[in-house]
Amino acid sequence: MPAARSDQPPRAWQRMLSGRRLNLLDPSPLDVEISDIAHGLARVARWNGQTFGNHAFSVAEHSLIVEDIALQLRPDLTANWRLAVLLHDAPEYVIGDMISPFKAVIGEAYKAVETRLQGAIHLRFGLPADIPATVKKLAKRADIISAYFEAVELAGFDEQEAAKIFGRPRGFPLNKDGKLHYGLEPMPVAKAQEKFMERFNEIEALREAGNKRSEHKANG
């Protein structure tokens, strides 16, 4: 006997450890918590886990590196945009990390979900849902530079192959063999989660200090 059909739509929300229920198709900023983001990103592996080391190279650690590279490219980057760069892959705490070739196969459906989640995350932390094109471009450039180092240092690519796919970064240190080097080392999950939260809190402190200075000038 066939199962009874239900008129109820399929469940589109996920329960987070904070207790929030985040609707993946219509996410609310009120259901976004940084603790959930840090927890999730520290447990999502880059490169589908195909990296050297005793630990997966997590999206949380990747996010820290991308923000660091962005600051090297733009030392005057404001705290707001530092946060935007740190959170550039934040939707992956819900939808996971897909390698670029698979994203291309899935196409616009994946991108639409990712964009809605990113907008809700930005609004939750006081950023515009759609950040300026210059910040997006900076985050993308830093992301690609990070991908090059990850490919060569962790994912088994040779320099020529990585350069062909991602481009060869400029202005970064060389190792003793004269090769571009960042010094990546995958962290244990708990450490990656802790470091991500620490950096988030540092940036939030900078944002708060900047807001206080602005208020003081406005009232002075």
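Buried means under 20% relative accessible area, exposed means over 50%, and partly exposed covers the range in between. The exercises below apply to a predicted model.

**Exercise 1. Determine whether Trp47 and Phe166 are buried or partly exposed, and describe how their rings are arranged.**

Step 1. Phe166 has a relative accessible area of 24%, so this residue is partly exposed.

Step 2. Trp47 has a relative accessibility of 16% and therefore counts as buried.

Step 3. The structure holds six aromatic pairs. In the pair of Trp47 and Phe166, the ring centres are 6.2 Å apart and the planes stand at 85 degrees; the pair is therefore edge-to-face, since planes over 60 degrees apart count as such.

Step 4. This pair links distant parts of the chain: Trp47 belongs to the loop between helix 1 and helix 2, while Phe166 belongs to helix 8 (residues 159-166), 119 residues apart.

Step 5. Ring pairs also link Tyr148, Phe149, Phe172 and Tyr182 into a cluster.

**Exercise 2. Identify which residues touch the most other members of the largest nonpolar core, and which helices supply at least two residues of this core.**

Step 1. The core has 32 residues, and those touching the most other members are Ile37, Leu83, Leu87, Tyr93, Ile121, Phe125 and Phe196.

Step 2. At least two residues of this core come from each of helix 1 (34-41), helix 2, helix 3 (79-86), helix 4 (92-95), helix 6 and helix 9.

Step 3. A second, separate core of 22 residues includes Trp47, Ile65, Val66 and Leu138.

Step 4. Leu87 serves as an example from the largest core. Apart from neighbours within four places in sequence, Leu87 is in contact with Ile34, Gln118, Ile121, Phe125 and Phe196.

**Exercise 3. Explain why helix 3 is described as largely enclosed by the rest of the structure, and examine Arg207 in helix 9.**

Step 1. The buried residues in helix 3 are Ala79, Arg82, Leu83, Ala84, Val85 and Leu86.

Step 2. Because six of the eight residues of helix 3 are buried, the helix is largely enclosed by the rest of the structure.

Step 3. Arg207 lies in helix 9 and is buried, with a relative accessible area of 12%.

Step 4. Beyond its neighbours within four places in sequence, Arg207 is in contact with Ala79, Asn80, Leu83, Phe125, Gly126 and Leu127.

**Exercise 4. Characterise the second largest pocket by its space, its lining and the elements that contribute to the lining.**

Step 1. The pocket holds about 150 Å³ of space.

Step 2. Its lining consists of Glu61, Leu64, Ile65, Glu67, Tyr182, Gly183, Leu184, Glu185, Met187, Lys195 and Arg199.

Step 3. Two or more of these residues come from each of helix 2 (59-73) and helix 9 (189-219). Helix 2 gives the largest share, four residues.

Step 4. By character, the lining divides into five nonpolar, one polar and five charged residues.

**Exercise 5. Establish for His122 and His181 where each residue lies, whether each is buried or partly exposed, and which residues each touches.**

Step 1. His122 is part of helix 6 (residues 108-124), whereas His181 is found in the loop between helix 8 and helix 9.

Step 2. His122 is buried, at a relative accessible area of 4%; His181, at 34% relative accessibility, counts as partly exposed.

Step 3. Not counting residues up to four places away in sequence, His122 touches Leu127, Pro128, Ala129 and Ile131. With neighbours within four places likewise left aside, His181 is in contact with Phe149, Glu153, Pro173, Leu174 and Asn175.

How values were computed:
Residues numbered from 1 in each chain as written. Predicted model: local features only at pLDDT ≥ 70, side-chain atom pairs only at ≥ 80, totals over all residues. Heavy atoms only, no water. Buried < 20%, exposed > 50% of the residue type's maximum accessible area, 1.4 Å probe, protein only. Contact = heavy atoms within 4.5 Å. 1 Å grid on protein atoms, 1.4 Å probe; cavity = no way out; pocket = protein on both sides within 12 Å on 5 of 7 lines; lining within 4 Å. Points joined across faces, edges and corners; volume = space filled by probe spheres on them. Nonpolar A, V, L, I, M, F, W, Y, C, P; charged D, E, K, R; others polar. Core = buried A, V, L, I, M, F, W, Y, C linked by side-chain atoms within 4.5 Å. Phe/Tyr/Trp six-rings, centres within 6.5 Å; stacked < 30°, edge-to-face > 60°.
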